[in-house]
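This report goes through a few features of one protein chain. Look at the sequence and the structure below before reading on.

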Amino acid sequence: MADPLVLLPLSLLGLIGGFLAGLLGIGGGMVLVPFITYILGTQGVAPELAIKMAIATSMATIVFTSMSSVRAHHQHGAVRWDLVKRLAPGIVLGGLLASLGIFAVLKGSYLGLFFGLFIGYSALRMFRKPNSKGTRPMPGTAGQLAAGGVIGCLSGLVGAGGAFISVPFMTWCSVPMHNAVATSSALGFPIAVTNVAGFMVAGLHLQGLPPHSLGYIWLPGLAAIATCSVLTAPLGARAAHRLPVAQLKKIFGGILLCLALYMLYKSLAAWQV
């Protein structure tokens with residue numbers, strides 16, 4: 001389906017993204033999107049389209065990563081399934097709005113710019129000392145529906161699992177950090193499934209797609225990354241209960257800042273094309 005020289009870095013991305021998904025509760029998209037954008041560019045895909053396909057393909061990998069990592073978190077009894085059930089309906093609505101509406105209308109360069117700014121902000125948050133445990137209760141049905149909508153929509157626009165929105169929200173509402181991270185992994189599944197369905201439908205009749213694409217989803221990239229990510233996601237989830245995650249987040253934050261700058265550069269360059 002693709003040149004082995006292309007599949008090799010994609011497989012490595014899968015191993016890294018899967019481990020980070022389990023360790024930090026993220027879907028891996030913050031690492032995957034810049035690299036997939038670059039790889040698609042080397043395959044002759046136009047910059048505008050490469051950014052969109054990278055976001056969509058990254059989101060598709062989260063379908064598999066979330067299933068693998070949440071199993072490990074569930075074994076530790078850390079997933080708050082009651083919150084998953086209440087936030088999921090809003091996530092579905094927000095994901096459909098992003099994938100079928102906003103994503104299809106916006107230019108890839110604008111999405112890349114939003115991605116760079118959002119990831120840069122998320123990276124800076126990693127250097128901040130975590131806030132003390134929240135004292136606010138979880139909002140009611142309407143509040144959780146709205147929160148889920150925001151999480152699903154923003155996640156679809158950046159190709160991530162939503163942890164950088166859902167984890168701070170849950171800890172702000174007095175959910176312990178380890179429960180928030182585990183629950184975020186579970187929320188990644190409805191986020192991914194909803195957005196991926198929208199990405200496939202929105203890009204079905206698009207011109208200029210590379211071979212073996214299903215809408216905006218690049219199947220060779222999905223296959224290589226997903227196959228490897230499910231191997232390392234459980235390892236990351238187990239490591240989250242043993243390693244100094246706070247220190248690791250600072251290191252990862254530095255990497256994210258570099259990737260954010262790269263995506264901002266690519267987005268600005270796409271405007272010149």
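In which helix does L12 lie? The model is a predicted one, and in it L12 is part of helix 1.

**A nonpolar patch on the surface**

L12 has a relative accessible area of 49%. Exposed residues are those over 50% and buried ones those under 20%, so L12 counts as partly exposed. Together with L15, I16 and L231, L12 forms a nonpolar patch on the surface. The accessible area of these four residues together is about 360 Å². Helix 1, which covers residues 4-24, gives the most to the patch, with three residues.

**The nonpolar core**

Which residues have the most contacts inside the largest nonpolar core? They are L10, W218 and L256, in a core of 72 residues. Helix 3 (residues 47-75) gives the most to this core, with 12 residues.

The surroundings of W218 can be listed, leaving aside its neighbours within four places in sequence. W218 is in contact with V6 and L10, with I36, I39 and L40, and with M53 and T57. The list also holds P210, P211, H212 and S213.

**Helix 6**

Helix 6 runs over residues 141-158 and has 18 residues. At 1.5 Å a residue, helix 6 should span 26 Å, and its end C-alpha atoms are 26 Å apart, so the two values agree. Many positions in helix 6 are buried, among them Q144, A147, G148 and G149. I151, G152 and C153 are also buried, as are S155, G156, L157 and V158. After helix 6 comes G159, with a positive phi near 70°.

**Positive phi outside glycine**

Most residues other than glycine have a negative phi. Two residues in this model, S174 and H212, have a positive phi although neither is a glycine. The table sets them side by side.

| Residue | Phi | Place | Relative accessibility |
|---|---|---|---|
| S174 | near 75° | loop between helix 7 (163-172) and helix 8 (177-202) | 22% |
| H212 | about 60° | loop between helix 8 and strand 1 (213-214) | 42% |

Are S174 and H212 buried or partly exposed? S174 has a relative accessibility of 22%, so S174 counts as partly exposed. H212, at 42%, also counts as partly exposed. H212 was named above as well, as one of the residues in contact with W218.

Methods: Residues are numbered from 1 along each chain as its sequence is written. This is a predicted model: local features need pLDDT of at least 70, side-chain atom pairs count only at pLDDT 80 or more; totals for chains, interfaces and linings use all residues. Side-chain values use heavy atoms; hydrogens and water are left out. Patches are made of residues with over 30% relative accessible area and no salt bridge: like charges are joined within 9 Å, nonpolar side chains (Val, Leu, Ile, Met, Phe, Trp, Tyr) within 5 Å. Accessible areas come from the Shrake-Rupley method with a 1.4 Å probe; for residues, only the protein chains shown count as cover. A salt bridge is a side-chain nitrogen of Lys or Arg within 4 Å of a carboxyl oxygen of Asp or Glu. Helices (H or I, at least four residues) and strands (E, at least two) are DSSP runs, numbered from the N terminus. Buried means under 20% relative accessible area, exposed over 50%, partly exposed in between (1.4 Å probe, protein chains only). The expected span of a helix is 1.5 Å times one less than its number of residues. A nonpolar core is a set of buried Ala, Val, Leu, Ile, Met, Phe, Trp, Tyr and Cys residues joined through side-chain atoms within 4.5 Å. Contact means heavy atoms within 4.5 Å.
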